[in-house]
Structure formats: C-alpha cells, structure tokens
Amino acid sequence: MPFQYEHLRTLTALIDEGTFEAAARALHLTPSAVSQRVRAMEQAVGKVLVQRTTPVTTTPAGDIVLRHARQVLTLDQDALAELGSDDVDHVLPLAVNADSLSTWFLEALAAVTEEFEVAFEIHREDEEHTTSLLRSGTVMAAVTSTPEAVQGCTVEGLGTMRYLAVCTPEFNTRHLDGRGDHHLLAHSPVLNFDRRDDLQDRFLRETLDEEPQGPRHYIPASQDFARAVHLGMGWGAVPEEQCRDALATGELIPLAPDHPIDVRLYWQRWNLRSPALDRLTEIVRHHAAAHLHPL
C-alpha cells in the first residue's frame with residue numbers, strides 16, 4: 001500500500017520535532033491528528049514505526065520509512081525549485097564531526113547557500129558514528145570515517161585529517177621535565193573531547209605502548225578543546241589547522257612531530273539524484289581537497 005504524502009510529512013516532522021505536541025504545532029494540526037496519521041502508517045505496513053519515548057525515535061522499520069519519507073520530500077522540493085516556485089522549504093540534514101565543522105566544512109556549506117535556496121540541519125557527531133544517522137534516515141549525507149557504504153548510499157574518500165599531539169611550553173616544563181619526556185606523558189593531565197574520543201590513547205599506544213593514567217579533562221567542543229590546550233590544562237591531539245600558527249610562534253610545542261595521528265574521512269550520501277545534494281557533494285569534495293591530506 002503506497003504511503004500518503006501527508007503521512008510522510010508527518011513522520012519526518014515527528015522525528016525532527018521530537019514529540020507529538022511539537023510536531024502538531026509545526027504542521028498546524030492537533031496531537032491527536034498526528035498520532036492518527038502515524039497509526040495509519042503502522043497499520044498499512046503491519047509494523048511499529050516509532051517508539052513513543054521523549055524524544056520520539058524510530059524503530060528499525062521506522063528507519064526504512066523515514067528514509068523513504070525524506071527522499072520523497074527532497075524530490076518534491078527539488079521539483080518545485082526547478083519550476084521556480086516560491087513555496088520551497090529545502091532542508092538538507094547532515095552529520096559532521098566537530099573538528100571538520102570547525103576547520104573546513106562550514107566554508108563548503110556557505111558556498112552552497114550562494115547558489116541554492118537551501119537550509120542545513122547539522123547533526124554534530126563523532127566521525128565513527130555518523131553512519132548510524134544515515135542508516136536511520138535522520139540525515140541525507142555525512143562526513144564519516146567508515147569506508148563501507150551504508151545501504152542506499154554512495155561513498156567516496158575525502159582525505160585525511162591530521163592531528164598533532166601538542167602542549168604549551170609551560171606544561172612541558174611543569175609535567176614533562178622540560179624535555180617533552182614521553183614517559184612522563186602517560187601520567188600527565190590529558191584532554192579528551194568526550195568519553196568516545198580515543199585519539200590521545202591511540203597516540204600513546206602507538207608511540208609508547210602505554211595508556212594514559214593521568215587526570216582527564218573532557219571538553220566537548222572543538223574550539224574549546226584547542227583553547228584548553230593553549231591554556232595549559234593538558235596535552236591533546238589538535239587538528240593541524242588549529243595549531244599550525246601556534247606551533248610556528250612557539251605558543252605550542254609538538255610532542256612527537258614525526259608521529260601525527262591521521263583520521264581518514266569519507267563522504268557518504270544517499271544514492272539520490274538531487275541538484276542541491278549533488279552540488280553540495282561537489283563543493284565538499286573541492287574544500288576537502290584544499291584542507292585535508294590525501295588518503
């Protein structure tokens with residue numbers, strides 16, 4: 001049984017807004033009407049599509065329908081745009097890791113907005129976990145570290161984001177005996193983006209075959225993480241673009257310049273012909289080539 005267009009709109013609004021009440025406000029309906037539409041979709045497919053939690057989330061079956069809904073709505077908006085309609089509400093949901101967002105990705109988005117009447121909804125997520133948002137239908141494209149294509153998506157390499165383990169000269173004097181002593185590093189204060197960030201652990205394992213044992217600070221924002229390193233709170237792996245100038249002036253010192261931490265990045269997007277998504281892909285490819293190391 002084919003899905004009704006308004007039902008697809010309702011499902012996307014429900015997931016985007018998070019509650020039946022908020023979706024109802026966005027659609028100018030009553031919460032009861034939203035619930036009835038979702039229930040009608042569930043009856044049509046014979047499966048539960050959403051979990052009635054706060055916020056509302058999709059079930060595995062709901063992931064499939066949500067992805068379908070977003071694709072239908074995207075094609076609809078593309079057609080309206082090509083026809084010159086003023087009634088275009090083109091939103092591209094994307095998943096991007098924080099460091100890409102802080103260093104090069106925003107420039108790509110800005111370039112797209114100069115050519116298309118499009119809005120972006122950015123989901124900031126670790127590059128190892130952005131594919132889950134693609135799989136669920138939450139986003140249409142993602143910067144990811146996963147080279148295997150999610151079902152229904154295409155994938156291409158973007159480049160390598162290089163991180164350098166750095167600290168301030170004062171931190172070096174206080175904690176590393178003024179010599180950048182790597183054997184003291186494992187016991188020194190270290191910065192992590194969040195509890196899933198393993199770049200610092202990876203650096204110590206690869207260079208010293210050790211695990212960090214010192215105090216950990218968790219700073220879950222890319223610019224703030226880099227600033228915390230500049231303030232001497234701890235050592236950390238900082239994107240090359242964020243520490244290049246400070247290394248040149250001596251504000252920061254490299255802890256192992258011959259041992260960068262490289263993270264391969266890929267662009268995964270729905271296998272769907274869309275002028276806005278196609279152009280975004282071209283621009284992302286161009287900006288990645290200018291800012292990232294080759295794969």
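What share of the contacts in the chain with a separation of 6 or more comes from residues 24 or more positions apart? The figure is 72%. The views below show a predicted model.

**Figure 1. The whole chain, with its helices and strands.** Twelve helices and eleven strands make up the secondary structure of the chain. The C-alpha trace spans about 70 × 40 × 30 Å along its principal axes. The chain has 295 residues, and 49% of them count as buried.

**Figure 2. Helix α4, residues 60–82.** This helix has 23 residues. From its first C-alpha to its last it reaches 34 Å, close to the 33 Å expected at 1.5 Å a residue. Its buried residues are A61, G62, D63, V65, L66, R67, A69, R70, L73, T74, Q77 and D78. An α-helix has 3.6 residues a turn, so residues three or four places apart point the same way. Among the buried residues of α4 are R70, L73, T74, Q77 and D78. After the helix comes G84, which has a positive phi, near 80°.

**Figure 3. R70 and its surroundings in α4.** R70 counts as buried because its relative accessibility is 8%, under the 20% cut-off. The side chain of R70 makes a polar contact of 2.6 Å with the side chain of D16. Residues up to four places away in sequence aside, R70 touches T12, I15, D16, P93, G137, T138 and W270. A33 lies 37 residues from R70 along the chain, and the C-alpha atoms of the two are separated by 20 Å.

**Figure 4. R269 in strand β11.** With a relative accessibility of 10%, R269 counts as buried. Its side chain is joined to that of T281 by a polar contact of 3.4 Å. When neighbours within four places in sequence are set aside, the contacts of R269 are M140, A141, G152, C153, T154, L277, D278 and T281. Strand β11, which holds R269, covers residues 261–270 and also supplies at least two residues of the lining of the second largest pocket.

**Figure 5. The second largest pocket and its lining.** The space in this pocket is about 390 Å³. Its lining consists of 26 residues, and those nearest the centre of the pocket are D99, D126, E127, D197 and L199. By class, 13 of the lining residues are charged, eight are nonpolar and five are polar. At least two lining residues come from each of the helices α5 (98–113), α9 (199–208) and α10 (222–230), and likewise from each of the strands β9 (236–239) and β11 (261–270).

**Figure 6. The largest cavity.** The structure holds one cavity of 30 Å³ or more. The volume of the largest cavity is about 70 Å³. The residues that line it are T103, W104, T160, M161, R162, P239, E240, E241, H291, L292 and H293. Two or more of these residues are given by each of α5, β6 (153–167) and α11 (240–249). Strand β6 provides the largest share, three residues. The lining divides into four nonpolar, four polar and three charged residues. Helix α5 thus appears in two views, as it also supplies at least two residues of the lining of the second largest pocket.

Definitions and conventions:
Residues are numbered from 1 along each chain as its sequence is written. Side-chain values use heavy atoms; hydrogens and water are left out. On a 1 Å grid over the protein atoms alone, a cavity is a set of points where a 1.4 Å probe fits but cannot get out, and a pocket is an open set with protein on both sides within 12 Å along at least five of seven lines; lining residues have an atom within 4 Å of a point. Grid points are joined across faces, edges and corners, and a volume is the space filled by probe spheres set on the points. Helices (H or I, at least four residues) and strands (E, at least two) are DSSP runs, numbered from the N terminus. Ala, Val, Leu, Ile, Met, Phe, Trp, Tyr, Cys and Pro count as nonpolar, Asp, Glu, Lys and Arg as charged, and the others, Gly among them, as polar. Buried means under 20% relative accessible area, exposed over 50%, partly exposed in between (1.4 Å probe, protein chains only). Contact means heavy atoms within 4.5 Å. A polar contact is a pair of N or O atoms within 3.5 Å; within protein, one must be able to donate a hydrogen and the other to accept it, and residues adjacent in sequence count only if both atoms are side-chain atoms. The expected span of a helix is 1.5 Å times one less than its number of residues.
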